[in-house]
Amino acid sequence: MTGLRFGYGTNGFGDHRLDDALRVIADLGYDGVALTLDHHRLDPFAADLAEQVRRVRGLLDRLGLSVVVETGARYLLDPQVKHHPTLVSADSARRVDFLRRAVRVAADLGSDVVSFWSGTRPSDVDGEVALRRLLDGTALVVEEAGRHGVRLGLEPEPGMLVDTVDAALAVRERLGEPEPLGITLDVGHCVAVEQDTAAGCAWRVRDHLVHVQLDDMRPGVHEHLEFGAGELDLTGTLEALAGIGFTGLAAVELPRHGHAAPQVARRAIGALHQPWVSEAIAAVRRDPASIATRFPAVGRHTGRRPVDRDDPHGLVHGTVDDRVRGRLLRAFADTAEPGRVAAEVTALYRHGDDAERRGVLRALDPLGPAVLEAGLELVRDALRANDIRLVAAAMGPFARHLDDHAWRHGVLKCLFTGVPLAAVAGLPQRADAELRRMVADFAAERRAAGRDVPADARALLEA
């Protein structure tokens with residue numbers, strides 16, 4: 001979906017060490033993490049908190065994960081009573097202190113959002129008294145957030161004093177619409193308690209939305225479910241978030257699924273990426289001409305992450321959008337008139353940006369003889385470019401159709417431009433004495449100029 005970044009909540013990885021959870025989340029292709037502060041994970045009251053935060057921030061940076069700080073720890077403040085005290089409790093000062101600490105942790109982690117909720121009104125407390133406690137406590141946390149440049153996301157929570165979008169907006173209004181105070185929207189809660197759809201709720205809070213939690217639910221039941229197990233319109237909700245231009249983190253919130261966290265998280269990211277892809281493939285099969293509009297839109301809907309984290313530029317294994325573009329082209333080739341395939345592939349390449357051109361190049365091989373001549377011309381064109389990602393894509397499996405002379409020069413182009421030779425499909429089988437002679441000359445020129453010889457060149461000559 002356009003512009004959306006997906007995360008996963010650590011409260012759904014309760015049986016994992018934090019470092020392990022972050023690595024699994026990153027490996028699955030998530031963009032970020034919703035990190036719940038707790039007694040076993042960045043305890044805000046720990047003596048060595050600063051060192052813990054420094055270490056975790058370093059790991060987040062290495063994994064490429066953004067972070068939102070969540071504050072829903074169950075027994076952090078009171079080992080006897082879950083979530084106690086809250087902002088509406090008589091002893092709310094402890095909750096305020098915790099939230100202010102969370103703001104400082106967020107700032108030190110490089111996060112710009114802290115998500116929180118109001119708490120449940122005690123049965124013996126008047127509604128106005130509870131609201132005044134909430135407003136007074138929230139105002140103190142807003143001051144702290146303003147000092148540290150952190151946004152707060154007040155989350156409507158079923159059964160709590162602030163249980164709906166209207167109630168959250170009313171709190172903002174009563175506090176004078178402070179800039180640091182925004183809204184966290186749990187789309188499952190919309191299904192459970194709101195009169196409007198999750199998509200409608202997103203549009204209503206679009207000017208104040210700082211964080212989104214993703215899960216499925218059933219009307220009237222506050223139970224976090226995997227996508228498809230409830231009544232959430234996932235595709236419509238994601239389209240609404242894209243439509244309002246939401247650029248924050250949309251994090252999966254499945255706190256009771258820790259027993260199978262890696263599998264659940266894998267299914268979730270698949271579901272989040274799949275709706276648009278499935279619809280686009282079906283549309284191209286129905287109307288092959290629609291590939292002209294679907295193909296350029298892929299990156300905005302699927303993201304452009306590398307398939308392999310150890311290949312950060314996608315030179316060897318490509319990117320997520322490369323693979324989806326390949327699926328679209330195969331769907332097109334299956335249903336279009338044979339004579340149209342080569343012409344359309346050429347048009348998509350000629351009129352596309354660099355990402356679209358890479359998608360075409362990586363998709364050529366499965367398309368078969370119908371694109372042989374046209375594909376060779378596109379590969380030759382890419383090998384004349386200086387974009388290393390185009391060069392790498394051109395030397396994929398389809399490059400086996402190049403004649404020996406052109407193929408050898410493609411290998412040399414990789415060495416000249418810094419493309420790893422692992423990107424050259426079939427290199428061990430096709431490398432010959434002439435290629436090694438050319439590489440030896442290349443290495444000699446580098447040495448004569450006082451420059452290092454790439455490790456790939458040395459390995460080829462020693463093979």
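These legends go with several close-up views of a predicted model.

**View 1. Val-252, a residue of strand β10.**
Let us start with a single residue. Val-252 sits in strand β10, which covers residues 249-252. Is Val-252 buried or exposed? Its relative accessibility is 1%, and because buried means under 20%, Val-252 counts as buried. Leaving aside residues up to four places away in sequence, Val-252 touches Gly-7, Tyr-8, Gly-9, Tyr-30, Leu-214, Phe-227, Ala-268 and Leu-272. Another residue to find in this view is Gly-12: Val-252 and Gly-12 are 240 residues apart in sequence, yet 8.6 Å apart in space from C-alpha to C-alpha.

**View 2. Strand β3 and its partners, β2 and β4.**
Next, follow strand β3, made of residues 66-70. Why is β3 described as largely enclosed by the rest of the structure? Four of its five residues are buried, so the description fits. On one pairing, strand β2 (residues 32-36) runs parallel to β3, and five bridges link the two. Look for Leu-35, whose bridge partner in β3 is Val-69. To get from β2 to β3, the chain passes through helix α2 (residues 49-63), and this β-α-β crossover is right-handed.

β3 also pairs in the parallel sense with strand β4 (residues 113-116), over two bridges. Here Val-69 stands opposite Val-114 of β4. The chain travels from β3 to β4 by way of helix α3 (residues 93-109), in a β-α-β crossover that is right-handed. As you trace these strands, keep a general rule in mind: side chains in a regular strand alternate between the two faces of the sheet.

**View 3. The largest pocket, with a volume of about 900 Å³.**
Which residues are closest to the centre of this pocket? Of the 39 residues in its lining, they are Gly-72, Arg-74, His-83, Pro-255 and Arg-256. Two elements, β4 and β9 (221-225), give two or more residues each to the lining of the largest pocket. The largest share comes from β9, with three residues. Sorted by class, the lining of the largest pocket holds nine nonpolar, 20 polar and ten charged residues.

**View 4. The second largest pocket, with a volume of about 520 Å³.**
Around this pocket there are 23 lining residues, and those nearest its centre are Leu-28, Gly-29, Arg-305, Pro-306 and Val-320. Helices to look for are α1 (18-27), α9 (261-286) and α11 (320-335), the elements that give two or more residues to the lining of the second largest pocket. Which element supplies the largest share of this lining? That is α9, with five residues. By class, the lining of the second largest pocket divides into eleven nonpolar, six polar and six charged residues.

**View 5. The largest cavity, with about 50 Å³ of space.**
Now we turn from pockets to cavities. How many cavities of 30 Å³ or more does a search of the whole structure find? The search finds two. The largest cavity is lined by Leu-361, Arg-362, Leu-364, Asp-365, Val-379, Ala-393, Ala-394, Gly-396, Pro-397, Phe-398 and Ala-399. Both α13 (354-367) and α15 (388-394) supply at least two residues of this lining. α13 gives the most, with four residues. In the lining of the largest cavity, eight residues are nonpolar, one is polar and two are charged.

**View 6. The second largest cavity, with a volume of about 40 Å³.**
Our last stop has a lining made of Glu-155, Pro-156, Val-165, Thr-184, Leu-185, Asp-186, His-189, Cys-190 and Glu-194. Strand β6 (181-186) and helix α6 (187-193) each supply at least two residues of the lining of the second largest cavity. From β6 comes the largest share, three residues. What classes of residue make up this lining? There are four nonpolar, two polar and three charged residues around the second largest cavity.

Definitions and conventions: Residues are numbered from 1 along each chain as its sequence is written. This is a predicted model: local features need pLDDT of at least 70, side-chain atom pairs count only at pLDDT 80 or more; totals for chains, interfaces and linings use all residues. Side-chain values use heavy atoms; hydrogens and water are left out. Buried means under 20% relative accessible area, exposed over 50%, partly exposed in between (1.4 Å probe, protein chains only). Contact means heavy atoms within 4.5 Å. On a 1 Å grid over the protein atoms alone, a cavity is a set of points where a 1.4 Å probe fits but cannot get out, and a pocket is an open set with protein on both sides within 12 Å along at least five of seven lines; lining residues have an atom within 4 Å of a point. Grid points are joined across faces, edges and corners, and a volume is the space filled by probe spheres set on the points. Ala, Val, Leu, Ile, Met, Phe, Trp, Tyr, Cys and Pro count as nonpolar, Asp, Glu, Lys and Arg as charged, and the others, Gly among them, as polar. Two strands pair if DSSP finds at least two bridges between them. A crossover is right-handed if, with the strands pointing away from the viewer, the path from the first strand over the helix to the second runs clockwise.
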